[in-house]
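Visitor: Could you walk me through this model and say what stands behind each label?
Guide: Sure, here it is.

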Amino acid sequence: MINKKEQTLVIIKPDGVQRGLIGEIIKRYEKSGLKLTGLKIVIPTNKLIESHYLVDLNWKTKVGEKSIEAYKKKGLISPSENPIEIGDRVLNNLKKYLTSGPIIAMVWEGMNAIAIIRKITGGTEPLVSDVGTIRGDLTIDSYEVADSDGRAVRNLIHASGSAEESEKEIALWFNKNEILSYRLVSESILYDVNLDGILE
Ligand code: ATP
Ligand code: MG
């Protein structure tokens with residue numbers, strides 16, 4: 001059965017807040033038809049960031065492999081061929097990046113929320129994220145520049161990658177009573193089986 005109330009965690013990272021993009025970013029998600037059910041501004045701790053990324057036990061390996069692959073695709077040599085070593089370095093740099101100032105944490109809800117939010121967000125590396133996505137349109141970073149400057153890729157957003165991840169991530173960032181349950185009038189046109197409430 002399709003979960004019409006799927007939830008996903010979205011974070012506007014410090015670069016999004018500092019560049020005055022909070023409204024623009026929320027607008028893009030809001031226009032999709034998904035519903036905002038949780039929202040807060042916080043300065044995260046190192047511990048929260050570490051717990052957040054390590055909810056997925058294979059995260060370090062995956063991040064490392066993705067980075068090596070991105071270098072290969074461009075015909076460049078990766079600074080390391082060891083995925084876990086890259087993962088360790090990325091996690092340290094992410095802690096510096098994400099605790100550097102306030103971030104916006106949000107829960108978005110609706111049919112296919114995880115996939116829809118990731119599509120609107122775009123791929124991890126802004127240099128090659130699709131045009132029309134948040135990362136593709138609103139910023140300019142790349143793995144190569146981030147690595148040579150010894151910092152995390154600044155890509156404006158975090159968005160949960162799977163239902164399992166989103167459940168664990170939301171529990172880390174929000175108390176249960178901070179996530180609201182309510183109806184949007186606009187939901188009828190997206191979800192109702194019979195469109196019989198429109199004509200007078
Ligand atoms: P996010 O988890 O933020 O939604 P993602 O799933 O697209 O993004 P991950 O592969 O999970 O990306 O990496 C998490 C974050 O770590 C990235 O969004 C980026 O900010 C940073 N990052 C990933 N790989 C590297 C790297 N090789 N060098 C520097 N920073 C990186
Ligand atoms: Mg991820």
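Visitor: What makes the shell around ligand 1 a mix of nonpolar, polar and charged residues?
Guide: The shell divides into 10 nonpolar, four polar and six charged residues. Here Ala, Val, Leu, Ile, Met, Phe, Trp, Tyr, Cys and Pro count as nonpolar, Asp, Glu, Lys and Arg as charged, and the others, Gly among them, as polar. Before we go on: this is a predicted model, where local features need pLDDT of at least 70 and side-chain atom pairs pLDDT 80 or more, while totals for chains, interfaces and linings use all residues. Residues are numbered from 1 along each chain as written, chains are lettered from A and ligands numbered from 1 in written order, and side-chain values use heavy atoms, without hydrogens and water.

Visitor: Which side chains have a polar atom at 2.9 Å from an oxygen atom of ligand 1, and how do you know that counts as a polar contact?
Guide: Lys 13 has one at 2.9 Å from a ligand oxygen, and so does Lys 66, also at 2.9 Å. A polar contact is a pair of N or O atoms within 3.5 Å, so both pairs qualify.

Visitor: Which element gives the most to the shell?
Guide: Helix H4, with four residues; a helix is a DSSP run of H or I, at least four residues long.

Visitor: Why is Glu 144 called partly exposed?
Guide: Glu 144, in helix H8, has 43% relative accessibility. Buried means under 20% and exposed over 50% (1.4 Å probe, protein chains only), so 43% falls in between: partly exposed.

Key:
A polar contact is a pair of N or O atoms within 3.5 Å; within protein, one must be able to donate a hydrogen and the other to accept it, and residues adjacent in sequence count only if both atoms are side-chain atoms. Helices (H or I, at least four residues) and strands (E, at least two) are DSSP runs, numbered from the N terminus.
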